[in-house]
Amino acid sequence: MSLKWLAVIAAGTAWAGPVYHGGVEDVFARRCVVCHQAGGIGPMQLGTYAQVRPWARAIREAVLERTMPPWSADSSVGVRFRNDRTLSAEERQAIVDWVDAGAAEGPAVVETKMVPGGTGPMAEARRAPDLVVKIPGFPVPASGVVEYTFLVTPVRIEQDEWIERAEWKVQHPEVIHHINAFIRPTGSSYVAEAPAGKFYVASGSERSARRPDEAEIDRRELLVGYEPGYRPEPWGAGRAKLLRKDADIVFEMHYTPNGHAVTDYSELDIYLAREAPRERVITIAPADAQLQIPAGDADYRSEATATFTQPVTLISLQPHMHLRGKAYRMTLVYPDGRRQLLLSVPHYDFHWQTTYFLAEPMRLPKGAAIECVAEYDNSPNNPNNPDPKKTVRWGDQSWEEMNIGFLEAAIPAGGDADVAVLSGTTKPAPGGGR
Ligand code: HEC
């Protein structure tokens, strides 16, 4: 949609120039309201002129400094992402011009909205979910630290099914740092000791470790994550994730209290495919569980790699580190050694976990690898560092660390899901470490 200013003739008066209605209103609706709405994570609402107007100056500054909308990746390098929140130059200029011209409202434009019909694709999109996995009321206190909590929900369906879409309906985005939903096959070692249907907290040492004979995909598979600014992103036509009939759905929940106690009943809506898909979407997770970040080290580097043993189509990337995470890069290395940077997050922010969906899914040949390079700052100069005097190792808690590069990829529906050799190595940065 073009952002030309609407010139509205009202009662013989010509009104031309940057106005809210029919102008920047649309930019706010598309780019800001997802977070700046009632119950959203943004500190104020930006859904109406009255809500936006008092913030005009701050908004001008935030868009010029590119702090809003938040987006951690460097959009000038790597591949393009479908969910890139960065404003276009045109959108940014429209906001700046509007504020500079006095942030006028302009006459309200009467809108005619299309009401979706009762049949066709819209009706299909509105169909009820086939499975709903609901959090049975998680008590989030007003303050303090809520430990990572797990919730295991057995699914028990009659036959193996394909998940075409899985979408979060969160109730309290203001206190949800992130929730990951995993598919856990029977017999898996992943939080094996957790009782079904109950909230479960465990320290890293109590948690069952991955068995040496267990393929990563047989242990757990990320189904879909929720993070601030989340919006559902389809995997693409003819693609689905496999849900075996005796699998469990495991939620890994991270709540961050914000001053108001609430009870959370967020839910995950699962839509099963009506027809067998052409391709199976799998999530693999190269990780470096050996990392060991010396106290005070400002420049520690860890690497994890997935080397594909068959051709795949790459769909999304999700870097994961904790509070000492500084920067993250994912690079594709072709079998002939050619390298292509896919994603660079120069200023990683733990509070903005993001799944990056490739605008154009990429076909990778057998033998291609994805290198996930994580950099950490364990020095006192990192304002998020919980304790620069500690050596930091792998663990779930935000004061421990991780390097996981979640990758979503598509393979033929009947294919072998064990598609990659995963490895993790820790390399102190040149001059860093000790
Ligand atoms: C993905 C969620 C998200 C989106 C999208 C988003 N914001 Fe924000 N915004 C936040 C959060 C969270 C904060 C408060 C914390 C912070 O500053 O990072 C914030 C803070 C702000 C502030 C600062 C408020 C203050 O206290 O000074 C402004 C101004 C702002 N946003 C404007 C915008 C505008 C304009 C857009 C769209 C062009 C936008 N935001 C899009 C989440 C978002």
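This passage describes an iron site, a helix, a set of salt bridges and a buried asparagine in a predicted model.

The iron atom of the ligand has two protein donors, NE2 of H36 and SD of M68, which lie 2.0 to 2.2 Å from the metal. These residues come from distant parts of the chain, H36 from the loop between α1 and α2 and M68 from the loop between α3 and α4, with their positions 32 residues apart in the numbering. Six donor atoms surround the iron atom of the ligand, and because the angles they subtend run from 87 to 180°, the arrangement is octahedral. The two protein donors belong to residues with their own accessibility classes: H36 is buried, at a relative accessible area of 10%, whereas M68, at 36%, is partly exposed.

Helix α4 covers residues 89-100, and its twelve residues, at 1.5 Å a residue, should span 16 Å; the C-alpha atoms at its ends are indeed 16 Å apart, so expectation and model agree. The buried residues of this helix are E91, R92, A94, I95, V96, W98 and V99. In an α-helix there are 3.6 residues to a turn, so residues three or four places apart point the same way. In α4, the buried set includes both I95 and V99, and the elements that cover the buried residues include α1 (20-31), α2 (49-52) and α3 (56-64). Just after the helix, G102 adopts a positive phi of about 105°.

Helix α4 also takes part in salt bridges, of which a search of the whole structure finds 25. One of them joins the side chains of R60 and D100, with N and O at 2.7 Å. This pair links distant parts of the chain, since R60 belongs to helix α3 and D100 to helix α4, 40 residues apart. Both partners are partly exposed, R60 having a relative accessible area of 23% and D100 one of 44%. E91, one of the buried residues of α4, is in turn linked with D26, R30 and R31 in a network of salt bridges.

Two further salt bridges involve loops. R82 pairs with E233, the closest N and O atoms being 2.8 Å apart. R82 lies in the loop between α3 and α4, and E233 in the loop between β9 (221-226) and β10 (239-243), so this pair ties together parts that are 151 residues apart in sequence. With a relative accessibility of 34%, R82 counts as partly exposed, while E233, at 14%, counts as buried. The side chains of R156 and D248 likewise meet in a salt bridge, with a distance of 3.4 Å from N to O. Here the link runs between the loop that separates β5 (149-154) from β6 (161-169), where R156 is found, and strand β11 (residues 248-255), which holds D248, the two residues being 92 apart. D248 has a relative accessibility of 8% and therefore counts as buried.

A further buried position is N403, in the loop between β22 (392-393) and β23 (404-412). Its relative accessibility is 0%, and N403 is therefore classed as buried, the cut-off being under 20%. The side chain of N403 makes polar contacts with two other side chains: that of S302, at 2.8 Å, and that of Y328, at 2.6 Å.

Note on methods:
Residues are numbered from 1 along each chain as its sequence is written. This is a predicted model: local features need pLDDT of at least 70, side-chain atom pairs count only at pLDDT 80 or more; totals for chains, interfaces and linings use all residues. Side-chain values use heavy atoms; hydrogens and water are left out. Helices (H or I, at least four residues) and strands (E, at least two) are DSSP runs, numbered from the N terminus. The expected span of a helix is 1.5 Å times one less than its number of residues. Buried means under 20% relative accessible area, exposed over 50%, partly exposed in between (1.4 Å probe, protein chains only). Contact means heavy atoms within 4.5 Å. A polar contact is a pair of N or O atoms within 3.5 Å; within protein, one must be able to donate a hydrogen and the other to accept it, and residues adjacent in sequence count only if both atoms are side-chain atoms. A salt bridge is a side-chain nitrogen of Lys or Arg within 4 Å of a carboxyl oxygen of Asp or Glu. Donors are N, O and S atoms within 2.8 Å of the metal (3.2 Å for Na, K and Ca); water is not among the atoms, so sites may look incomplete. Four donors count as tetrahedral if all angles lie between 85 and 135 degrees; four count as square planar and six as octahedral if opposite donors are over 155 degrees apart and all others between 65 and 115; anything else is irregular.
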